[in-house]
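Okay, thanks for squeezing me in. I'd like to walk through one model with you today, helix by helix, so have it open in your viewer.

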Amino acid sequence: MMECKEIQKLFIPFIDDKLSVSDLAAFLDHMDTCKECREEYDIYYTVIMGMRYLDERQNISEFKLDSEQKLHSAADYLLKYRILLLEKYILLAVLCIGVILLL
Ligand SMILES: [Zn+2]
């Protein structure tokens, strides 16, 4: 279980899509349960995206994606990643059984 301080260090990597899958899972879990971090994250997201928008005057489409949607899309990504991983294991298991049967 990660602490709030650790989670808050992950805000920027999260916004930049740079979290590892295990960090992302811990991050999303924490966001589901911790109201404080959720509020902090909303503020962070708005400030960072606002600053970037002013700096670059581009990526407007990215700015339209609000902090809430970002969390949802990350959760979707994680789910798809886990399904894919599961499929890989199943495929591997099927291959192993196939090899064993051939021998
Ligand atoms: Zn927290």
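**Starting from a histidine**

Let's begin with H30, which sits in helix α3. Is H30 buried or exposed? With a relative accessibility of 6%, H30 counts as buried, the cut-off being under 20%. Before I go further: this is a predicted model, so please keep that in mind throughout.

Who does H30 touch? If you skip residues up to four places away in sequence, H30 has contacts with M2, E3, C4, I7 and C37.

Take M2 from that list and look at it from the other side. M2 belongs to the segment before α1, and at 22% relative accessible area M2 comes out as partly exposed. Leaving out residues up to four places away in sequence again, M2 touches I7, L10, D23, A26 and H30. There's also a C-alpha distance to note here: M2 and D29 are 9.5 Å apart in space, with their positions 27 residues apart in sequence.

Now the rest of α3. Along with H30, the buried residues in this helix are L24, A25, F27, L28 and M31. What covers them? The cover includes α1 (4-9), α2, α4 and α6. For those of you who like a geometry check, α3 has 13 residues, which at 1.5 Å a residue should span 18 Å, and the end C-alpha atoms are 19 Å apart, so that agrees.

Not everything in α3 is tucked away, though. D32 is in α3 too, and D32 is exposed, with a relative accessible area of 66%. If you want a long C-alpha distance to click on, try D32 to E87: 27 Å in space, 55 residues apart in sequence.

**From α3 to α4**

Next, how do α3 and α4 meet? Their axes come within 6 Å and cross at roughly 110°. The window for roughly perpendicular is 65 to 115 degrees, so α3 and α4 are roughly perpendicular to each other. On the α3 side the contact uses F27, H30, M31 and T33, and on the α4 side K35, C37, R38 and Y41. Sorted by class, that contact has 4 nonpolar, 2 polar and 2 charged residues. So our H30 turns up here again, as part of the contact.

As for α4 itself, the helix has 22 residues, and from first C-alpha to last it reaches 31 Å, close to the 32 Å expected at 1.5 Å a residue. Its buried residues are C37, Y41, Y45, I48, M49 and G50.

**From α4 to α6**

Keep α4 on screen and bring in α6. The axes of α4 (residues 35-56) and α6 (residues 67-102) come within 9 Å, again crossing at roughly 110°. By the same window, that makes α4 and α6 roughly perpendicular to each other. Which residues make the contact? From α4 you have R38, Y41, D42 and Y45, and from α6 there are S67, E68, K70 and L71. The classes here are 3 nonpolar, 1 polar and 4 charged.

How about the length of α6? With 36 residues at 1.5 Å each, α6 should span 52 Å, and its end C-alpha atoms are 52 Å apart, so expectation and model agree.

Which residues of α6 are buried? They are S67, K70, L71, A74 and L78. Among the elements covering them are α2 (11-15), α3 (21-33) and α4.

Yes, there's a lysine in that list. K70 is in α6, and with 7% relative accessible area K70 is buried. The C-alpha of K70 is 7.8 Å from that of I15, although the two are 55 residues apart along the chain.

One more detail at the start of α6: a side-chain oxygen of D66 reaches to within 3.1 Å of the backbone nitrogen of E68.

**One backbone oddity**

Last stop, for the Ramachandran fans: D17. It has a positive phi of about 60°, although D17 is not a glycine. Where is D17? You'll find it in the loop between α2 and α3. D17 is exposed, with a relative accessible area of 61%.

That's my tour: buried H30 in the middle of several contacts, two roughly perpendicular crossings, a buried K70, and an exposed D17 with positive phi. Happy to take questions.

Terms used:
Residues numbered from 1 in each chain as written. Predicted model: local features only at pLDDT ≥ 70, side-chain atom pairs only at ≥ 80, totals over all residues. Heavy atoms only, no water. Axes fitted to C-alpha atoms, helices over the stretch in contact; angles between N-to-C directions. Helix = DSSP H or I, 4+ residues; strand = E, 2+ residues; numbered from the N terminus. Parallel < 35°, antiparallel > 145°, perpendicular 65-115°, else oblique. Contact = heavy atoms within 4.5 Å. Nonpolar A, V, L, I, M, F, W, Y, C, P; charged D, E, K, R; others polar. Expected span 1.5 Å × (residues − 1). Buried < 20%, exposed > 50% of the residue type's maximum accessible area, 1.4 Å probe, protein only. Polar contact = N/O pair within 3.5 Å; in protein donor to acceptor, adjacent residues only side chain to side chain.
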